Each structure stands twice: as structure tokens, then as C-alpha cells.
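Reader: I am new to looking at protein models. Please pick one single part, take a close look at it with me, and then show me what surrounds it.

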Amino acid sequence: FPSHEVSKLPQGTYVTIMTMGHTSDLPILIEAMKQLERFSYVGNIGSAQKALRLHKDLTEAGIPSEKTKQLYCPMGEDFGSNAPIEIAFSIVAQLLKVKDQLIKDSK
């Protein structure tokens, strides 16, 4: 998924970035964070250590810190283990939680 495709995503999209690694994550993430206002959620899979690296890289790319604070990384609610199925469930739980909050906030 090339980073230039981010601009084609519809308003309100939940962007979840799960590529093969940091090198391929970062260009997509930078574009998503530049357009953060258009999206309901921007998250990147990874560890707490990766989150620190991404926040540093985003800041160096000119993304303001108030935007980087809205990045969900690591994605997912804090439950379960590192088993792939439990990570998947924790991410879905977080997406549902964000969706429910957006609905409440719009009322």
C-alpha cells in the first residue's frame, strides 16, 4: 500500500498500519498523520519501543506533537498475551471502543 494512496481513503476511515516493518510503516504513517483530521482512528502495530521510535520519526517529519499524541501505538487494548489471536481481539476491542466514543461525542 503506497503512501500516496492514503489521500484516497474516505473520510472517517479507521487506519490500521500493519506492514512488514518500520521502513514500510513510516511513509504511510506520515501521510496518515498529515491528514489525521480526516480519519476516525490511526494506529500502528508494534511495541512500546516502536511507539517511541515512531513518535520521534513523526516529529522529525514535521508532525506536531499534539497530532502524534493521537496515534494509537501499540494498537489494541491492554489485555491478553502476545498470541496473534489475542492481539487481533485487542485491536478490534480498541476500534469498537473508539467508534462507541465517537458516537457518544456526536450526540
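**A pair of charged side chains**

Author: Let's start with Asp-25 and Lys-50, whose side chains form a salt bridge with 2.2 Å from N to O. The pair ties together parts that are 25 residues apart in sequence, because Asp-25 belongs to helix α1 (residues 22-34) and Lys-50 to helix α2 (residues 48-60). By salt bridge I mean a side-chain nitrogen of Lys or Arg within 4 Å of a carboxyl oxygen of Asp or Glu. Helices (H or I, at least four residues) and strands (E, at least two) are DSSP runs numbered from the N terminus.

Before we go on, please keep in mind that this is a predicted model, in which local features need pLDDT of at least 70 and side-chain atom pairs count only at pLDDT 80 or more, while totals for chains, interfaces and linings use all residues. Residues are numbered from 1 along each chain as its sequence is written, and side-chain values use heavy atoms, with hydrogens and water left out.

Are the two partners buried or exposed? Asp-25 is buried, with 0% relative accessible area, and Lys-50, at 18%, counts as buried too. Here buried means under 20% relative accessible area, exposed means over 50%, and partly exposed is in between (1.4 Å probe, protein chains only).

This pair is part of a set, as the structure holds eight salt bridges. In helix α2 you can also find Glu-60 and Lys-56, four residues apart and separated by about one helical turn. Their side chains meet in a salt bridge at 2.8 Å, N to O. Glu-60 is exposed at 57%, and Lys-56 is partly exposed at 47%. Glu-5 and Lys-8 form one of the salt bridges as well, with 3.3 Å from N to O. Of these two, Glu-5 is partly exposed at 23%, whereas Lys-8 is exposed at 59%.

Now let's return to helix α1, the home of Asp-25. Helix α1 sits in a right-handed β-α-β unit with strands β1 and β2. Right-handed means that, with the strands pointing away from the viewer, the path from the first strand over the helix to the second runs clockwise. Strand β1 (residues 14-17) runs parallel to β2, and four bridges join the two; strands pair if DSSP finds at least two bridges between them. If you want one contact to look for, Tyr-14 has Tyr-41 as its bridge partner in β2.

Strand β2 covers residues 41-44, and its side chains alternate: Tyr-41 and Gly-43 point one way, Val-42 and Asn-44 the other way, and all are buried.

To finish, follow the chain to the loop between α3 (65-68) and α4 (84-106), where Asp-78 is found. Asp-78 is exposed, with a relative accessible area of 82%. From Asp-78 to Arg-38 there are 40 residues in sequence and 26 Å in space, C-alpha to C-alpha. The loop between α3 and α4 also holds Pro-74. The peptide bond leading from Cys-73 to Pro-74 is cis, with omega near -5 degrees. For background, most peptide bonds are trans.
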